[in-house]
Amino acid sequence: QSKRPTFDLVVLDEHLPDGKGIDLLRDGVFEDCAVLMISSDTDPELPGASLQTGAAFFLNKTQVRDPLFRPLVLGVIQRNRLQRALSAARLKAVRMETVKTLVATLRHEINNPLGAVMGAAYLIGSGADSTAQQREIAALVESSGNRIKHVLDELCRAVELETVTKGSQQVFHVPGDKPWK
């Protein structure tokens with residue numbers, strides 16, 4: 001997929017050699033761009049239609065020479081840049097919330113079987129009739145399980161998940177779920 005160029009401002013004339021500027025706006029040609037629509041047309045409906053179709057501002061061509069034209073253009077450009085930055089920040093926040101949810105879900109899904117494996121390793125390693133080899137294997141499983149748990153804890157800290165206490169355990173709150181009391 002090729003990325004379309006992003007412009008700070010598009011100055012669009014209503015009367016083009018091959019059509020109307022407002023039709024380009026309707027077709028979404030300048031989506032995510034600030035559009036300053038201009039025209040020498042005196043149709044009283046044109047300014048409102050241009051704005052409703054997506055133009056940021058409408059000017060008659062005679063106003064292009066006015067002293068306020070330059071500040072208007074700079075203001076429209078600045079507003080468009082701020083809107084793009086705000087959209088990017090919102091998208092980043094949504095992505096981060098998704099990552100947090102996935103990390104918390106992963107931690108939960110790994111903790112359940114990991115707890116069972118570590119519990120079984122403990123029982124095997126601490127049994128009175130356990131052989132030295134069984135105790136060695138149980139210690140290896142416990143060590144590996146603790147490393148996995150440590151990595152999961154660090155991953156949750158890295159995405160700054162909220163911790164809550166459930167029973168006597170510190171656990172991480174999954175965003176969107178009600179916190180435990």
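Which residues make up the largest nonpolar core? In this predicted model, select Val-10, Leu-12, Ile-22, Leu-25, Phe-30, Cys-33, Val-35, Met-37, Leu-46, Ala-55 and Phe-58: these 11 residues form that core. Colouring by secondary structure shows that β1 (10-13), α1 (21-26) and β4 (35-39) each contribute at least two of its residues. A second core, separate from this one, comprises 10 residues, including Leu-9, Ile-38, Leu-59 and Val-73.

Next, centre the view on Phe-58, a member of the largest core. Leaving aside residues up to four places away in sequence, Phe-58 touches Leu-36, Met-37, Ser-39, Leu-46, Pro-47, Ser-50 and Leu-51.

**The whole chain**

Return to the full view. The chain has 181 residues, of which 27% count as buried. Its secondary structure consists of 4 helices and 7 strands, and from the N terminus the order of elements is β-β-β-α-β-α-β-α-α-β-β. Among contacts with a separation of 6 or more, 52% are between residues 24 or more positions apart. With the surface displayed, about 12,800 Å² is exposed, and carbon and sulfur atoms supply 58% of this area.

**Salt bridges between distant parts of the sequence**

Now display the charged side chains. How many salt bridges does the model contain? The count comes to 7 salt bridges.

Select Arg-84 and Asp-8 to begin. They form a salt bridge in which the closest N and O atoms are 3.0 Å apart. Arg-84 belongs to helix α3 (residues 69-126) and Asp-8 to the segment before β1, so the pair ties together parts that are 76 residues apart in sequence. Arg-84 is partly exposed at 30% relative accessibility, and Asp-8 is partly exposed at 26%.

Move on to Lys-61 and Asp-13, a salt bridge whose closest N and O atoms are 2.6 Å apart. Lys-61 lies in the loop between β5 (57-60) and α3, while Asp-13 is in strand β1; the pair therefore ties together parts that are 48 residues apart in sequence. Is each partner buried or partly exposed? Lys-61 counts as partly exposed, at 32% relative accessibility, whereas Asp-13 counts as buried, at 16%.

**Along helix α4**

Select residues 132-158, which constitute helix α4. This helix of 27 residues reaches 39 Å from its first C-alpha to its last, close to the 39 Å expected at 1.5 Å a residue. Which residues of α4 are buried? They are Ala-138, Gly-145, Leu-152, Asp-153 and Cys-156.

Show the side chains of Lys-149 and Asp-153, which form a salt bridge with closest N and O atoms 3.4 Å apart. The two residues are separated by about one helical turn because they are 4 residues apart in α4. Lys-149 is partly exposed, with 35% relative accessibility, but Asp-153 is buried, with a relative accessible area of 13%. Elsewhere, add Arg-81 to the earlier selection of Asp-8 and Arg-84: salt bridges with shared partners join these three residues into one network.

Just after α4, stop at Glu-160, which takes a positive phi of about 55°.

**Cysteines**

Finally, select Cys-33 and Cys-156. Cys-33 is buried, with a relative accessible area of 13%, and Cys-156 is buried, with a relative accessible area of 0%. A disulfide is a covalent bond between the sulfur atoms of two cysteines. The count for this model is 0 disulfides.

How values were computed. Residues numbered from 1 in each chain as written. Predicted model: local features only at pLDDT ≥ 70, side-chain atom pairs only at ≥ 80, totals over all residues. Heavy atoms only, no water. Core = buried A, V, L, I, M, F, W, Y, C linked by side-chain atoms within 4.5 Å. Buried < 20%, exposed > 50% of the residue type's maximum accessible area, 1.4 Å probe, protein only. Contact = heavy atoms within 4.5 Å. Areas by Shrake-Rupley, 256 points an atom, 1.4 Å probe, with all protein chains shown as cover. Disulfide = S-S within 2.5 Å. Expected span 1.5 Å × (residues − 1). Salt bridge = Lys/Arg side-chain N within 4 Å of Asp/Glu carboxyl O.
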